[in-house]
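Colleague: I would like a close look at one part of this predicted model, namely its aromatic contacts, with the pocket taken up afterwards.

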Amino acid sequence: MDPVENTPNQEALESDISFTNRIDLSELQEGIGLIKNEISKVIVGQKGMIDMLIASILANGHSLIEGVPGVAKTISAKLLAKSLDIGFSRIQFTPDLMPSDILGTSVFNMKTTEFDFKQGPIFSNMILIDEINRAPAKTQAALFEVMEERQITIDGQKFKLELPFIVLATQNPVEQEGTYRLPEAQLDRFLFKIDIDYPSAEEEVEILNREQNLKGASKTAQVTAHLSKEQINKFQDLVNQIKIESHLIKYIADMIVNTRNNPFLYLGASPRASIAILKASKAFAAMSGRDFVTPEDIKRSAIPVLQHRVIVTPEREMEGVTTKQIIKQIIEAVEIPR
């Protein structure tokens, strides 16, 4: 081809690139790189989980982490919080935990003869709830308002929580005794459900080598905080500005409608799920250095957003069919817009 003829195409490409980089994401990407570097000092592998945890922060959403004991669910959440210069609280859920143990309670002040509100551990920026399915329904329900509206109403008073406010909850899928299954209404409040698998043989060796090299030192001591509250709030605003074309919005809608019409599913996804995919895909786009969403971002968001929001019919469940398998089929069945 004549090189002269190629010039207009190059100019059009450069013009297109300048058009698609209207939002400066350099600080965001640098910050994400720092966080990943800090977490990788301790955690071996689990890159998918770390990406989703970071995406949930950028999308201002909560995450439910599920995995068998000992696969670094709690330590990952603690490391993520420590790599950020924000407030952090850990709440261990138990069967005798009361709502006031989380939210706080009014205490009578003898000096002023009035009730003073003593804030509970939920008044922080990042909350790690360990074994969320161990507390009874009334304690789980205490989280509904705070997770959705970032506020608490106690004794007729409203308390706004400081932003950013992110809940990271863990649960164990194998233990059933002494646990209370999370209701669908609460599961729907989580942006992502993140499944953690066992490490590979090579990763297991690396885990053992790192443990040996620590010689009893604390795992979290080597992690440094980088991003402030103001930076995280700024990054969340940037993610909200990420562009998405109308045909990709329809792509999300078609995917969600397919879950409602799928014969294998007893319960399909709600409009909150489609909004969650929209937010998550924007976060993944920003993490990739783009200020526009692609179909790949939407596909990447679909399983962690939908797998805890849909329910397989009893007949298919008895056959061993999982929500993840059905969502993969839906992703393949829905035509990708070009």
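Are F117 and F123 buried or exposed?

Modeller: Both F117 and F123 are buried, each of them having under 20% relative accessible area. The structure, which is a predicted model, holds 4 aromatic pairs, and one of them is formed by F117 and F123, whose rings meet edge-to-face at 5.9 Å centre to centre with 65 degrees between the planes. F123 also pairs with F159, again in an edge-to-face arrangement, with 6.3 Å from centre to centre and 85 degrees between the planes. Because F123 lies in the loop between β5 (114-119) and β6 (126-130) whereas F159 belongs to strand β8 (residues 157-160), this pair ties together parts that are 36 residues apart in sequence. F159 is buried, as F123 is, and F117, F123 and F159 form one aromatic cluster. An aromatic ring is also involved in a contact with a charge, for the charged end of R290 sits over the ring of F292, 5.7 Å from its centre.

As for the pocket, the largest one has a volume of about 750 Å³ and is lined by 26 residues, with E66, Q171, R181, K193 and E317 lying nearest its centre. Two or more lining residues come from each of β1 (62-66), α8 (184-187), β13 (311-312) and α15 (323-333), and by class the lining of this largest pocket comprises 9 nonpolar, 10 polar and 7 charged residues.

Notes. Residues are numbered from 1 along each chain as its sequence is written. This is a predicted model: local features need pLDDT of at least 70, side-chain atom pairs count only at pLDDT 80 or more; totals for chains, interfaces and linings use all residues. Side-chain values use heavy atoms; hydrogens and water are left out. On a 1 Å grid over the protein atoms alone, a cavity is a set of points where a 1.4 Å probe fits but cannot get out, and a pocket is an open set with protein on both sides within 12 Å along at least five of seven lines; lining residues have an atom within 4 Å of a point. Grid points are joined across faces, edges and corners, and a volume is the space filled by probe spheres set on the points. Helices (H or I, at least four residues) and strands (E, at least two) are DSSP runs, numbered from the N terminus. Ala, Val, Leu, Ile, Met, Phe, Trp, Tyr, Cys and Pro count as nonpolar, Asp, Glu, Lys and Arg as charged, and the others, Gly among them, as polar. Rings of Phe, Tyr and Trp (its six-membered ring) pair if their centres lie within 6.5 Å; planes under 30 degrees apart count as stacked, over 60 as edge-to-face and the rest as tilted. Buried means under 20% relative accessible area, exposed over 50%, partly exposed in between (1.4 Å probe, protein chains only). A charge sits over a ring if NZ of Lys or CZ of Arg is within 6 Å of the ring centre and within 35 degrees of the ring normal.
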